[in-house]
Amino acid sequence: MRIEVGGIRHLFTMSSAAEDREPGIPMDHSKEDLGGAANTGDYSKHDMTVCLGNSEVKSSAVVKYSAAPPPTTYALLQEKTDLKLPPANWLRENSKLGSAGTTVLGSSSRSKPFSSFGMAYDFIDCIGDDVDVVSDSENIKKLLKIPYSKSHVSMAVHRVGRTLLLDELDTQELLRRSSQTGDWTWLKEIYQRLIDQKWQRKKKSKEHWYQKAILSKFLYYSINGDGAADPVTEDMIKDDEENGAEEYSSSWPATFTSTMSEAEETDAPKQENVPEDGNFALGQVTSVGSTEQNLPTLFNEGENSQGLRNDFVRNIMWTFEDIHMLVGSNMPIFGGGRYPAVSLRLRDSNKPINILTGIDYWLDNLMCNVPELVMCFHVNGIVQKYEMIKTEDIPHLENCTFSTRVVKDIAQNILSFLKSNCTKEGHTYWLFKASGSDIVKLYDLTTLCEEAEEEKYQNPFTLPVAVLLYKVASNLMLKACQNRKHYGKIRTLLLNCVKLLDPETHPQIIASAYYMLSELFQLDELPDEDGGESLRAGGSEDSYSDEDREEEDGEEDDLTEDGEEIGSYSNCGRPQDDSKAVAVIRSVGELSVPEKYKSTHQIRPSCAFPVSQDKEERCRHVLSYVLKGLKAVDGSIKKESDLPAADPNTPIPLKYEDGAANGAAEKGISLLLEKAGSGQVDQKHPTRSGMIPGSWQHRMKLELFLKASKAYYVLSDAATNLLKYGRALRYIKLSLQCYDAYCSVSETLHPHVLQFHSQCLSLCGDIQLMLAQNASNRAAYLEEYSYQTKEDQEILHSLHRESSCQDFSMATDLAMDPEYQLFVSCRCYEAAHELLTSEVLKDQSSDQLSQVLKRLGNIRNEMGVYYMNQAAAMQTEKQAKKSVSAAEQDLWKKSFGFFEKGMKDFESIRDSTNTALLLCNTGRLMRICAQAHCPASADESRGEFSPEEALYYNKAIDYYLQALRALGSRKSHPAVWDSVNWELSTTYFTLATLLQDYAPLSRKAQEQIEREVTDAMMKSLKYCDLQTETARQPLYQYRAATIHHRLASMYHSCFRNQVGDEHLRKQHRSLAELHYSKAVSLFLSLKDAPCELLRTLLERVAFTEFTMAGQSSSVAKLKSLIGAIEIMSETRHAFQLIHKELLEEQTEQIEPSAADSVGSPNKSSGSSSGLDLQEVLKLIGVFEPSFSFLLFQVIKLMTTTKRKPSNKDEDMLKNYKIVYSKLLRADKNAPLLSRVELYIEVLQELTTLTGSENTATNKA
């Protein structure tokens, strides 16, 4: 059980001055409290700063994990205690030390050769960025003692991001194994070629095993001073030697012991332990932490039982100056009395402490934050005395004086050297220094073995490195959602991971790595500006994959594979015999020179995460990784013989059909709805390909299928936005095929998967709708739909291993019939709606449900409009009939049914605007129904206005009014409001016009019809918005003018035909004058209705003439005539507009002929004028005699009057005569333009006359 140690870190300074006691002074046994309780102060939480004179070496340590309880009290042994005799508790567990007892006392086996990996697995958060080195404390000490020691150094170095993992590589044991089994022949050949051609195994001396036994017995005595001693015999010593030798007998990888010089062996004895039984198989060392979200737990935690576990008693985060190290330590730590933490050491009094031993003791205490050490001196195993030495005093002890600053420089130089040269993640580097040599060499074993001619080597580090790369990437994936700068690091880690592994041996890790690579690409949004920058700079700072290396080599020819070393170590040129080494330290003395080696931090400038702003490119990256993952999974499934043969290079046809048979379509869509609505899938038996539900293959395929489906969905959505609807349909078909395969192997369809499926169905509905609306480009869409990439074909092949992928074929076929496409689109939306309203999702995704309902309402509107247009077209094409055909009625019913359902959809989401639009379309449908019921007489002329027409027009009016009520006011949606308002006004106007023009006199009285016409006209006028400045304002003005004109004409007719009721006649006369006046005013404001203005004025003159006929007084008649002439003078505006349009038409007729003469390509065909010349001639035919008659009557009355005329009257009479004379002399056969100009001239004269001298004349 792990004991996590943490808390507040304290900083204290250990002065170099001897405050309490000079080093080497014996301890006062009488003052030592042996009986007191152990001080359990948490020494591990303290930081340590060692001050040395005017300079300072900073060191702090925090225990990350400890398997041992707080330091226990140690026993001071009596003088003359014989350590050769074993204590009673020797090699037995001790309750004071807990489960870590034997390890604390140095009795258990040493750390495994993969010890750094065990620590890295346990503290995965630290790997890659936060920590520079992960290693056993013994390896750290050995490296820092290189300049002082003649011992050989052999270590394996691996890089993960910015972190280096160091492990002892015992070449002695490996070469011995190679001689016995031949497994490591390649390493032996490399060793013999590069290091030593004549290799001989060095055996440990008897003295070595004797010193180990004495140390172990001393430590056991120290925790139980009362233990009885057993006599030691020669046989026991011999057994100790044999047990030590057996440490080398277990098969590789096995427990290792360090090889040291004789001086180190005696001065710094190691806590060697009894070797454990069992080998470690690496095949199962793969794990994804159970706490990782959104990443499948693919692997079993096998490393803890397979030799990769963290065997150290404590793991410490040690910061030495600016170097951060995660170290493992088994050093025994004791406490007691006023000394809360001390290290206990045993020394032979006849052998002084040398510099190697001093550095060893000092570094051990620094790493473990132990402020003091207790030294027990013995002679030939007989205890002599104890001494207490402070940690900061160790560098100043006699015979072992050393500079801590030099040790610091050594550490910084070695780290810089390794970081600058161990650049390739996944490669195994070998740091080697031969015994007695001053040269340190670094080899890339991975590259050397790949170059060897022998059979492919089996590097035992490959799998642990790959798993570590995978674990670090998995851990970073959890942080990626908060900080996308990790994406580049994750990509590098995973690419290096899959590069190390054999797909046939480790498909599980490879498939998972490719899945995580696919997860790096955000499919739902484009990276923002800051995110893009962080991704581009997001690679591991100074590590990269071989792919990146190859790219750099191709771009920069001046950099060799170790070009960085050439730049960093200009003084390290290599002779030919060192050509195989990546880098060489020519003399270990260089390591003591401050900043001799500097790490290069710009090693991989081009290794950045590929950020693309193009969605299709990102999706293609995703699909590429998904395909590789699927291949890894498929390759691990052995049931190949049961599958139908398929060639991944043969395209799988994407069929298309016109879908005319709706019966088959209904059946297919019902299956779609059934498939979409199923939330649970019974999956108890092996899948089609032979996968067992719950296996890693099963879980991985689910993730990959879903990821591919999402990628194809994004591709389809992007193609839709580009209006590439054929391509979009192909992608959504592939997306749904991936989803179909997912359903085939999934045991349960989770809510988020069903939500995504509803999105796919909605998008499929959108695409089918767009295809229906863009039928003219069908050939191009078919070409896009039929295209397939090789990658898509291979993914389809993998899908077909699990499913036929035909469940959604009806929804994704490219049909040729727009009606069928609309039908499929509607069914897709219905399926999506059914999913979102199912029991599983009914309480989720309200926004998504609103979107689907809006789409559903829209497609039902589209289908309603489609059938309505079909009915209108049928009505236009058919011959005159007395009855409506059954086909038309069927189309009406279909259209009305879709409109009604669409309105319910929009009402359910309170979308008043679209509800109003559908009500408006329903009103239009009612008008089409009314037009279809138009009666025809025997001569095919229009009959009386029928009751059916009235019924449907009134229904249309009702729907338009409902639409206005749904909107509430124009502010809610001005465009829709104006549209509905216009349609309502039009319907009222049409109803009134038909009633007026084709009055149903056979069924209704004239007065009733007049009332209905007046009512409908006034309502139409009510909805004519004359005030708001919109595009329809001129149309509203024209309609209002037309309504007033029609009402005036109707009252004119009533006045003319009314007999008897004088009050009613006066009312009709007054209304006629009112509406004529308003009609003229509105027509005058228009620029494009001269004929209507002229007609209205002529009717008004005729109305005045009819009124004058009933007058008997000459004065009254003269007044009426002058009023009529004033009205006639207003026609000048109409003639001016006609004159302008005639001139434009004449100009247009001249310009084409001129253009022809110069060969101009711009030709005009016909007049752009909208003037109806026939209508103009007809109106002139009425205007001219009417005008002449009025002038003649005025001249006649003014001439025959009995009263004496005034001067003004004489001038008026003179002018009238002149105008009348001009009209009589006018050429009746003159061109129309000339005649119009004449009318404008004479009317201008009348206007001047009436305007200057008769301003008081009343106006009708």
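**Two helices side by side, and a buried arginine**

In this predicted model, helix α33 (residues 1033-1057) and helix α35 (residues 1090-1109) have axes that come within 11 Å of each other and cross at roughly 20°. Angles under 35 degrees count as roughly parallel, so α33 is roughly parallel to α35. The crossing of the two helices is left-handed.

It helps to look at the residues through which these helices meet. On the α33 side, they are Tyr-1038, His-1045, Ser-1049, His-1052, Phe-1055 and Arg-1056. Their partners in α35 are Glu-1092, Arg-1095, Thr-1096, Glu-1099, Ala-1102, Phe-1103, Phe-1106 and Thr-1107. Sorted by class, the contact between α33 and α35 is a mixture of five nonpolar, five polar and four charged residues.

The pair belongs to a protein chain with 40 helices and 16 strands. Of the chain's 1260 residues, 55% count as buried. Among contacts with a separation of 6 or more, 78% link residues 24 or more positions apart in the chain. The chain exposes about 55200 Å², and carbon and sulfur atoms supply 49% of that area.

A single residue rounds off the tour. Arg-345 lies in strand β11, which spans residues 339-348. Its relative accessibility is 7%, and buried means under 20%, so Arg-345 counts as buried. Neighbours within four places in sequence aside, Arg-345 is in contact with Phe-218, Met-331, Tyr-361, Asp-364, Leu-373, Val-374, Met-375 and Cys-376.

Terms used: Residues numbered from 1 in each chain as written. Predicted model: local features only at pLDDT ≥ 70, side-chain atom pairs only at ≥ 80, totals over all residues. Heavy atoms only, no water. Axes fitted to C-alpha atoms, helices over the stretch in contact; angles between N-to-C directions. Helix = DSSP H or I, 4+ residues; strand = E, 2+ residues; numbered from the N terminus. Parallel < 35°, antiparallel > 145°, perpendicular 65-115°, else oblique. Left-handed = near helix turned anticlockwise from the far one by under 90°. Contact = heavy atoms within 4.5 Å. Nonpolar A, V, L, I, M, F, W, Y, C, P; charged D, E, K, R; others polar. Buried < 20%, exposed > 50% of the residue type's maximum accessible area, 1.4 Å probe, protein only. Areas by Shrake-Rupley, 256 points an atom, 1.4 Å probe, with all protein chains shown as cover.
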